[in-house]
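Got the viewer open and a selection tool ready? Take the stops below in order, and colour things as you go.

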Amino acid sequence: MPDRPSLSVPAWAGLALLLAAALAPPGTMAHPPGLGGPPPGPTSRTSLAGPTGSPPAEGTIGAVNATLGLYNDTLLGGNDVAGDQVVLPTASVYDPQNGQLLVGAMVVNASGGLSPVLAAIDPSDGGLLGETVLTSYVTNVTALAYDSANDAVYLDGSGNSSMGSVVEINSSTDLVDGNVTIPGGPAGLAFDPANGYLYVGNYRDSNLSIVDPVALTVDRTLRLAGPPIAIAFDPVNLDLYVAIPAPAGDGNVTIVLGSSSTVGTSIRVGADPDAIAYDPVTELVLVANRASDNVTGIATSSNTVSGSASLPDPTSIAVDPSSGHAFVASPTSGGLALGNLTSISGSSLATLAQAPVGLDPLSAVFDPSDATVYVANLDSGNLSAVNATSGTPDASLPRLVHPTSVVDDPLQKAIFVTASLGGPPFGATGALVAIDDQSNRLANSAIEVPNPLSGLAYDASNDEVYAASPENDTVLAVDAATDAVAQWIPVAGEPTGEVVDPATGAVYVFESATGELAIVAGRNNSVVGNLTVGPGPAAAAFDPRNGELYVALQGNSSVAVVDGATESVAGYLSLPTGAAPDGVAYDPTTGYLLVTLAGANEVAVVNGATDSILVALPTGAEPTAPFDDSSNGYVYVPDAGSNALTVVEPAAEEVLGTIPTGAAPIAGAYDPSGGLTAPGSGPGDLYVANEGSGTVSVAPSTAPAPTYPITFQESGLSYGSGWGVDLAGEIENATGTPPSTTITLREPNGTYPFTVGGEPEFSPAPATGNVTVAGGPATVPVRYAPSLGQSTYPVEFIESGLPNATAWTVSLAGVAANTTPGGIDFSEPNGEYEFVVANVTGFLSSPSSGLIRVADHAVSESVVFTAIVKPRPTYSVTFRESGLPAGTNWTVTFNGTPQTSRTGDLSLPLGAYNGSYDYTVSAPAGWVATPSSGVLSVNGDPVVQPVYFTPRTATSGFLGLSGDEGYFLLGGIVAAVAAVSAAAILWSRRKGHWPPGFHPPAE
């Protein structure tokens, strides 16, 4: 047999999406709140706190170019949100004319809910050929029948609590040809080629509807002894066999005569008959009795029970018309164990072989083209293929669904993806697969492991990929070149992921249960240590600039900072309680870290250099692990609850928009050598693992079109009134207290419809319209006026203090009015209104702004203008000195006030008004100032008065000496002569004679 991948996705994924959609609150005009401040209490490191993020610039800015179905290695063009994947298969039939398997099932739709479909599957490769959506006709599919004469497929299903439908589908075109309403809830369906009628069981009404498939009308109704559950047609006797579970005890099979369409005899079978089939080789009708755990054989020649086979809880039967063997599907006890497909002999009902299939096998069908039995497994959400000849399952069937993590291997040009084989809570195995990034197809057979894997990391130093296995406390190391298991690394504490330190080659493993990081040496994959970081480590990223590792801790809403050089905790960054950080990415363009806050539906942009939040930006619902795109500096946040990527530009600290993906995107990776464009011709590709649809979305990495601000400017509303704008489906409210009078959104070039709302007492103009963006900002003025029927009251502003004929202006609620002296009048309904008085040149107003309150009566406000008195100007006065030695003090007395300069020029500190001023210059000793005094005039300009200093000049005296020196010498000489004369006279008297020429005085 050729390799045949299965169609597979966990049932829980679709149901979880449906429940999430049902519980989601209705949309409002408000966006999610910002991050806010840190929780109270001290921290050992800078607290992570920052401004609240502005709402995102919503809108689709990119598109998925291809979707790879992991369950069947089918590459589909464009974005297939549901993944074209069977989620809950409920019924199946083989179409021999077109060689395809038809499966009634539920699929994940674009909104995350479940839709009923009829899926056409190519048995040769398990690929999906097409889907017919049945939402308009039924809510589920309970039975299928094929009409070879008309190449039509008939299906039945419930519509509501009391009605259902039978739908006719053209098997060649997969188009609905019509439908007919069936009361009582259809259950069981069979086509009678002999009379051309369709027989439909009505479970709630205990009757059988006979439908004319040409006219699509109910021809007649037959009353049965109990509620029918399944129908088989006998082409030999042209009779129909209807399985009817009894209210208690054994059930029966009622025969309906096809020739007359009348009810015949009933045959007692086992308890709770649930499925029925005709075996053309043995001409037996086989009945699966769930409550009595057996299969009953009815001989159609005598309509008697020919025997039974004991099988636990049989649910469906498929017959090989060439061998007469029957294949009975049944779940095993234990709930989570795989079901079985048992082959039995159609003649003896003896067991021939048994093969494991999926969980809760509900429907089996035989494909004669390659002797394969396909089993639709409800709980594991997949189709099992079993070789009818050998009775063994096709071992090559990869049940790849539930992808959980993605990493790029640039050396091997491959994208590695972890996936569960069936997905929890049903799946018990996991897998690691590689995708060729040039063909975007599976590059290897899955490495199947006993338990689900998660959290991929790539180590460029040894070209190995690491994946965590939480259930058996190990980390799988895979040689990326050979896709072979290199080593199982034992760790502890339920590992959920890992990160590689490119500087040291260490691999840090997150142990969610112990709050530790296991440190693994990448060179030999041995555990070399453990580091306690805190409760619930969920993700981490390295900052190569400072060598620090940032670990998101879900258990206490914080981020642990680990020093990569010392392998020790340097501190913690605190987050608000309940933030639940679950993803971290490093952006090399800005050096920022981005931390997703699942509890707040936000992503925090963190400056690792300062350990502070720059901004907290809103994302979609349930943000998970962000990843970086080095080609454009963007970071993408998978939003599992919104089926999209939020595109963040860290450099601008803003959200640019979204990229729709498959159902429940949970992880992604950027590949610089992706194959959507020719290698080297483009920036690369984005690969996104869609957990809910079992697919990988592939999108080109391209910069979105530039956006420009569109500003809506409000006027006319009362103070504090709220208002909002819906721009092309993006709703934004005015923020702030009071609400801002402007609302700004961003859009690329184009024309966008808008609607403006606000308080019911006011009507906006325009209320609706279009705004065009053409390479620059756009502004839309919005004037609010009182709604019709609203009472208004006069509001008057009375002016005083202005000269006659001076115009003045007042704005009330953003609306301006002006007049010459007197009053300015408005008319407003009840409310508070902000007013602003415009400036008038040369005057001050009091008040210049304020609030006016209108409450069922007229209001007046006085505005007093006061002339502004300008101060007299002063002008600088400088006395410019020359001649003095440096550092010599000198003084000017200006207008009676002495001023002293210690270094050179002397400037009056306050200058002088216009006028004439006396001044006197005091020279230092030995110096003469010129001028030494005078009158200085100031006349509207700075004044500079030169002052020259010269040494004082000396005069001639006695003996050529200076005047003073000569007089001092002459005085000294005279004194000396006098002294000598006096001495001589005294001496002579003592001797009795006098000196010659001297005579004593007469007595």
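Start by selecting strand β9, residues 163–170, together with β10: eight bridges join the two, and they run antiparallel. Keep in mind throughout that this is a predicted model. For a handle on the register, label M163 and look across to P183 in β10, which stands opposite.

Now widen the selection to the sheet around that pair. It is an open sheet of four strands, ordered β7-β8-β9-β10, with antiparallel pairing. The edges are β7 (143–147) and β10 (175–183); each has a single partner strand, so each has one side without a neighbour in the sheet. Look down the sheet and you'll see a twist that averages 20 degrees from one strand to the next.

Next stop, another four-stranded one. Select β15, β16, β17 and β18, which form an open sheet in that order, paired antiparallel. Which strands stand at the edges here? They are β15 (230–234) and β18 (262–268), and since each has a single partner strand, one side of each is left without a neighbour in the sheet. Ignoring direction, neighbouring strands in this sheet are turned against each other by 25 degrees on average.

Zoom in on the middle of that order: β16 (residues 239–244) and β17 (residues 252–257) run antiparallel and are joined by six bridges. D239 is a good residue to label, with L257 in β17 standing opposite.

Move along to V465, in strand β35 (residues 464–469). Buried or exposed? V465 has a relative accessible area of 1%, so it is buried, the cut-off being under 20%. Show its surroundings and, leaving out residues up to four places away in sequence, you'll find V465 touching V407, F416, L456, A457, Y458, L476, A477, V478 and A480. Then draw a distance from V465 to A486: the two sit 21 residues apart along the chain, with 9.5 Å between their C-alpha atoms.

Now for a run of hairpins. Select β43 (residues 548–553) and β44, an antiparallel pair joined by six bridges, in which A552 stands opposite V559 of β44. The two strands make a hairpin with four residues between them, and S557 in the turn is worth a click for its positive phi of about 50 degrees.

Stay on β44 and add β45 (residues 568–574): six bridges join these two, again running antiparallel. S558 stands opposite S574 in β45. This hairpin has four residues between its strands too, and E567 is the one to click, with a positive phi near 50 degrees. As for cover, β44 (residues 558–563) has five of its six residues buried.

Two loop residues come next. E653 lies in the loop between β52 (644–649) and β53 (654–660). Its relative accessibility is 27%, which is why E653 counts as partly exposed. Beyond its neighbours within four places in sequence, E653 is in contact with Y592, L614, V615 and L617. A C-alpha to C-alpha line from E653 to A604 gives 9.5 Å, for residues 49 apart in sequence.

S701 is in a loop as well, between β56 (695–700) and β57 (708–715). At 1% relative accessibility, S701 is counted as buried. Turn on side chains and pick S631: a polar contact of 2.9 Å joins its side chain to that of S701. Setting aside residues within four places in sequence, the contacts of S701 are D629, S631, N632, Y636, Y670, P683, G684, D685 and L686.

Now go for the cores. In the largest nonpolar core, which has 40 residues, F712, W723, L727, F797 and W808 have the most contacts inside it. Strand β64 (residues 778–786) gives this core its largest share, four residues. A second, separate core has 19 residues, including W890, A929, V947 and F949. Back in the 40-residue core, centre on F797: among the residues it touches beyond four places in sequence are W808, V810, L812, I824, F826, F835, I852 and V863.

Finally, zoom out to the whole chain. You have two helices and 80 strands, and 50% of the 1003 residues count as buried. The accessible surface is about 41,200 Å², with 54% of it belonging to carbon and sulfur atoms.

Definitions and conventions. Residues numbered from 1 in each chain as written. Predicted model: local features only at pLDDT ≥ 70, side-chain atom pairs only at ≥ 80, totals over all residues. Heavy atoms only, no water. Buried < 20%, exposed > 50% of the residue type's maximum accessible area, 1.4 Å probe, protein only. Polar contact = N/O pair within 3.5 Å; in protein donor to acceptor, adjacent residues only side chain to side chain. Contact = heavy atoms within 4.5 Å. Areas by Shrake-Rupley, 256 points an atom, 1.4 Å probe, with all protein chains shown as cover. Core = buried A, V, L, I, M, F, W, Y, C linked by side-chain atoms within 4.5 Å. Pairing = 2+ DSSP bridges. Axes fitted to C-alpha atoms, helices over the stretch in contact; angles between N-to-C directions.
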